[in-house]
Amino acid sequence: MNKYFDRFYDWWKNIDKSIFFLIFILFLLGLFFSLVSTSIIASNKLNTNSYYFFLKHLVYVGLGIFLILFFSLLDQKILMRLSIILFIITFITLFLVPLFGIEVKGSKRWLDLGALPRFQPIEILKPFFVIVVSLILSLENKNLYFKYFLSTIVLLPTIILLLSQPDLGQTLLIISVWLAIIFVSGINLFLFIFFLLTTCSITSFLIFMVPKFEYIKIRLIAFLNTSDGNNYQADKASDAISGGGFFGKGIGEGTLNSRIPEAHTDYIMSVIAEEFGVIIVISIILIYLIFSYRVLKKINEIENSSVKLILVGCITIILVQTFIHVGVNIRMFPTTGMTMPFLSYGGSSIISISILTGVILNLTKRKLS
């Protein structure tokens with residue numbers, strides 16, 4: 001018993017407590033907003049005043065806390081080895097999605113393995129994708145271009161499987177993270193620009209020339225043409241934000257949850273703005289920025305190249321998802337279905353962000369001399 005207590009004490013003594021408390025605050029905010037935003041959904045869908053969705057969210061946060069502790073307590077070498085194994089396992093589940101996945105609104109993104117709850121494999125894969133790519137780019141005594149080639153071998157099957165679902169939003173997120181990691185690894189600027197232009201060209205081709213992605217083209221046209229009738233969700237989200245004003249309508253007074261589906265996932269920031277005001281939204285964004293700053297500050301103090309790249313990849317996922325989610329809510333971007341890290345309802349999203357933050361806490365721990 002004393003052995004486990006001593007290990008936990010050493011963990012607590014050496015973790016970055018400012019990063020830990022920021023993670024804790026964001027999860028608490030997610031629980032609070034889940035409580036106030038999903039009760040009306042439970043009432044409408046289940047004909048009950050119970051807190052069905054909130055309790056599910058609470059269970060996943062509890063699992064998330066366990067995952068944070070588990071991954072942050074691991075020895076660094078064990079973390080790297082385990083991540084490679086988990087990457088292979090989660091990649092296999094991603095491979096199974098086109099074959100056995102559950103189709104929702106024309107897309108197969110979910111997998112139901114019977115004994116396990118339904119989950120979205122790409123969400124679980126993302127943290128381990130970051131670690132595997134970072135380890136490849138940190139290999140010693142290997143040609144730099146060979147390492148880029150190996151990382152591309154990891155990237156391509158992943159994005160092909162995502163495009164087959166189809167899920168262009170997560171595809172662009174994975175590519176963005178990969179580009180961020182190779183940029184920090186010291187890639188030649190002209191080669192990086194080539195990768196960037198290639199990504200943009202392939203994306204444009206898929207959207208405008210491949211029938212499977214016709215829905216994205218429709219969303220883009222609707223986004224650019226504000227008079228188009230396909231802007232219903234975005235219009236209601238914008239109305240919710242403007243209706244909330246600076247200080248909001250008050251808890252339970254918002255109407256967005258009952259007007260558009262999945263508001264507690266895809267439009268959680270609009271729900272918050274409507275009931276609590278833009279001031280609270282700005283405060284939440286500041287917490288994300290402070291969290292990112294603390295992690296980036298730690299990166300400057302670390303000498304290990306693989307650890308640097310992993311932390312860059314982890315914080316890139318969080319920042320890009322946050323930026324896209326907020327951008328969709330304020331009509332900077334067309335609808336993507338991207339969740340807000342920590343705040344959005346959804347088991348796969350919570351597990352993903354928990355693994356990411358567990359890895360961040362592990363790699364930013366104070367090292368004993």
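**Exercise 1. Which helix holds His-57, and is His-57 buried or exposed?**

Keep in mind throughout that this is a predicted model.

*Step 1.* Find the residue: His-57 sits in helix α3, which covers residues 52–73.

*Step 2.* Check its accessibility. The relative accessible area of His-57 is 1%, and the cut-off for buried is under 20%, so His-57 is buried.

*Step 3.* Look at the company it keeps. Setting aside neighbours within four places in sequence, His-57 contacts Gly-30, Leu-31 and Ser-34, and also Leu-343, Ser-344, Tyr-345, Gly-346 and Ile-350.

**Exercise 2. Work outwards from Leu-343: which residues is Leu-343 in contact with, leaving aside its neighbours within four places in sequence?**

*Step 1.* List the partners. They are Leu-26, Leu-29, Gly-30, Phe-33, His-57, Ile-268, Met-269, Ile-272, Ile-284 and Tyr-288. His-57 from the previous exercise turns up again here.

*Step 2.* Put Leu-343 in context. The largest nonpolar core has 97 residues, and Leu-343 is among those with the most contacts inside it, along with Ile-182, Met-269, Ile-272 and Phe-291. Helix α15 (residues 305–329) supplies the largest share of this core, with twelve residues.

*Step 3.* Now try Phe-342. Its phi is positive, about 75°, even though Phe-342 is not a glycine. Phe-342 lies in the loop between α15 and α16 (347–363), and at 2% relative accessibility it counts as buried.

**Exercise 3. Describe how α5 packs on α7, then do the analogous job for α13 and α15.**

*Step 1.* Start with the geometry of the first pair. Helix α5 (residues 121–137) meets helix α7 (residues 168–184) at about 25°, and their axes are 10 Å apart. Angles under 35 degrees count as roughly parallel, so α5 is roughly parallel to α7. The crossing of these two helices is right-handed.

*Step 2.* Name the residues that make the contact. From α5 come Ile-122, Glu-123, Lys-126, Phe-129, Val-130, Val-133, Ser-134 and Leu-137, while α7 brings Gln-170, Leu-173, Ile-174, Val-177, Trp-178, Ile-181 and Ile-182. Sorted by class, the contact of α5 with α7 has eleven nonpolar, two polar and two charged residues.

*Step 3.* Turn to the second pair. Helix α13 (residues 268–276) and α15 pack at about 60°, with their axes 8 Å apart; α13 and α15 are therefore oblique to each other.

*Step 4.* Pick out the residues again. Ile-268, Met-269 and Ser-270 of α13 face His-325, Val-326 and Asn-329 of α15 across the contact. This contact of α13 with α15 divides into three nonpolar, three polar and no charged residues.

**Exercise 4. Where is Lys-147 placed, and which residues does Lys-147 touch, not counting those up to four places away in sequence?**

*Step 1.* Lys-147 belongs to helix α6 (residues 144–163).

*Step 2.* With a relative accessible area of 9%, Lys-147 is buried.

*Step 3.* Its contacts, with residues up to four places away left out, are Ile-136, Leu-137, Leu-139 and Lys-142. For a distance check, go to Leu-135, twelve residues away along the chain: the C-alpha atoms of Leu-135 and Lys-147 are 9.7 Å apart.

**Exercise 5. How many helices and strands are in the protein, and what percentage of its 369 residues is buried?**

*Step 1.* Count the elements: there are 16 helices and two strands.

*Step 2.* Buried residues account for 50% of the 369 residues.

*Step 3.* Finish with contact range. Of the contacts between residues at least 6 apart in sequence, 70% join residues at least 24 apart.

How values were computed: Residues numbered from 1 in each chain as written. Predicted model: local features only at pLDDT ≥ 70, side-chain atom pairs only at ≥ 80, totals over all residues. Heavy atoms only, no water. Core = buried A, V, L, I, M, F, W, Y, C linked by side-chain atoms within 4.5 Å. Buried < 20%, exposed > 50% of the residue type's maximum accessible area, 1.4 Å probe, protein only. Helix = DSSP H or I, 4+ residues; strand = E, 2+ residues; numbered from the N terminus. Contact = heavy atoms within 4.5 Å. Axes fitted to C-alpha atoms, helices over the stretch in contact; angles between N-to-C directions. Parallel < 35°, antiparallel > 145°, perpendicular 65-115°, else oblique. Left-handed = near helix turned anticlockwise from the far one by under 90°. Nonpolar A, V, L, I, M, F, W, Y, C, P; charged D, E, K, R; others polar.
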